[in-house]
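Got the viewer open and a selection tool handy? Here is a walk through the fold, one stop at a time.

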Amino acid sequence: MKKIFPIFIFALLSIFAVSCDNNDDVIVQEPVATDVARMRDVTGTLTAANSYSINTGINILSSDVVLVYRNFNSNLPNTTPVWQLLPKTFYLSNGRILEFNFLFDPTNVEIYSEGNFDLATMTPAEAAEFKTNQTFRIVLIPADPAKNANKPDYRDYNAVVKYYNLKEPK
């Protein structure tokens, strides 16, 4: 029995030593700010001086998604916002086409306007409606494989806000 007891103790200690190592392949990722959908507004006037564009900085992962909506009622006081997903095309008189679109990377969103005509030739009424004090809502959506299965229709602003539990920007 005296010869078996030390071997038994050694075997028992070996089991504890092996089972207590921390060399597992499971990595627990703590949530970071980019794990939460968020939104903010940006307002500006599209002019030739700024190349008919508005730029704003962001901080997202390269796998995240950016949505941009334009407030259709940007220049109408005391109205409820009506949000339109970009890109958006408007057909003006005389066959003129005006488009709002955007580009993004992990650090910047550029919202721009372009057309099949010189935007400087817009009438004052058209400029007031489409270029002056335009409000855009930028929605930053993290890439989350668990949420991708039943994602909302991004064209429906209210569905996006509800699905990602977004709060109005202040």
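Start by selecting Gln84 and showing what surrounds it. Leaving out residues up to four places away in sequence, Gln84 touches Val68, Tyr69, Arg70, Phe72 and Phe90. Keep in mind as you look that this is a predicted model. Gln84 sits in strand 4, and with a relative accessibility of 15% it counts as buried, since the cut-off for that is under 20%.

**The sheet around it**

Now colour the sheet. Strand 4 belongs to an open sheet of 4 strands in the order 1-8-3-4, with antiparallel pairing. At the edges you'll find strand 1 and strand 4 (83–85), each of which pairs on one side only. Look along the sheet for the twist: neighbouring strands are turned by 30° against each other on average, ignoring direction.

Walk across the sheet from the strand 4 side. Strands 3 and 4 pair antiparallel through 3 bridges; pick Asn71 and you'll see Trp83 of strand 4 opposite. Next, strand 3 (residues 65–71) is joined to strand 8 by 6 bridges, again antiparallel. To find the register there, select Arg70, whose bridge partner in strand 8 is Phe136. Finally, strand 1 (residues 38–44) pairs with strand 8 over 7 bridges in the antiparallel sense, and Arg40 stands opposite Ile138 of strand 8.

**Strand 8, both faces**

Select residues 134–141 and show the side chains. Is strand 8 enclosed or open to the outside? It is largely enclosed by the rest of the structure, because 8 of its 8 residues are buried. In a regular strand, side chains alternate between the two faces of the sheet. Here Gln134, Phe136, Ile138 and Leu140 point one way, while Thr135, Arg137, Val139 and Ile141 point the other, and all of them are buried.

**A buried arginine and its partners**

Stay on strand 8 and zoom in on Arg137, which has a relative accessible area of 3% and so is buried. Which residues does Arg137 form salt bridges with? One is Asp41, with the closest N and O atoms 2.5 Å apart. That pair links distant parts of the chain, since Arg137 is in strand 8 and Asp41 in strand 1, 96 residues apart. Asp41 itself is partly exposed, at 34% relative accessibility.

The other partner is Glu168, where the closest N and O atoms are 3.0 Å apart. Glu168 lies in the segment after helix 4 (157–163), 31 residues from Arg137 in sequence, so this pair too links distant parts of the chain.

For another salt bridge, jump to Arg155 and Asp153, whose closest N and O atoms are 3.0 Å apart. Arg155 is exposed at 63% relative accessible area, whereas Asp153, at 37%, counts as partly exposed. Back at the earlier stop, shared partners join Asp41, Arg137 and Glu168 into one network. The count of salt bridges for the model comes to 4.

**The hairpin**

Move to strand 5 (residues 88–91) and strand 6 (residues 97–105), which pair antiparallel over 4 bridges. The two form a hairpin with 5 residues between them. In that turn, click on Asn94, which has a positive phi of about 60°. To check the pairing, select Tyr91 and look for its bridge partner Ile97 in strand 6.

**Two nonpolar cores**

Last stop: the interior. The largest nonpolar core has 23 residues. Select Val66, Val68, Leu98, Phe100, Ile111, Phe136 and Ile138, the ones with the most contacts inside this core. Strand 3, strand 6, strand 7 (108–115) and strand 8 are the elements that give two or more residues to it.

What surrounds Ile111? Setting aside neighbours within four places in sequence, Ile111 is in contact with Val42, Leu46, Tyr52, Ser53, Ile54, Val68, Leu86, Asn101, Phe102, Phe136 and Ile138. Apart from that core lies another, of 13 residues, including Ala37, Ile141, Val160 and Val161.

Key: Residues numbered from 1 in each chain as written. Predicted model: local features only at pLDDT ≥ 70, side-chain atom pairs only at ≥ 80, totals over all residues. Heavy atoms only, no water. Buried < 20%, exposed > 50% of the residue type's maximum accessible area, 1.4 Å probe, protein only. Pairing = 2+ DSSP bridges. Axes fitted to C-alpha atoms, helices over the stretch in contact; angles between N-to-C directions. Salt bridge = Lys/Arg side-chain N within 4 Å of Asp/Glu carboxyl O. Contact = heavy atoms within 4.5 Å. Core = buried A, V, L, I, M, F, W, Y, C linked by side-chain atoms within 4.5 Å.
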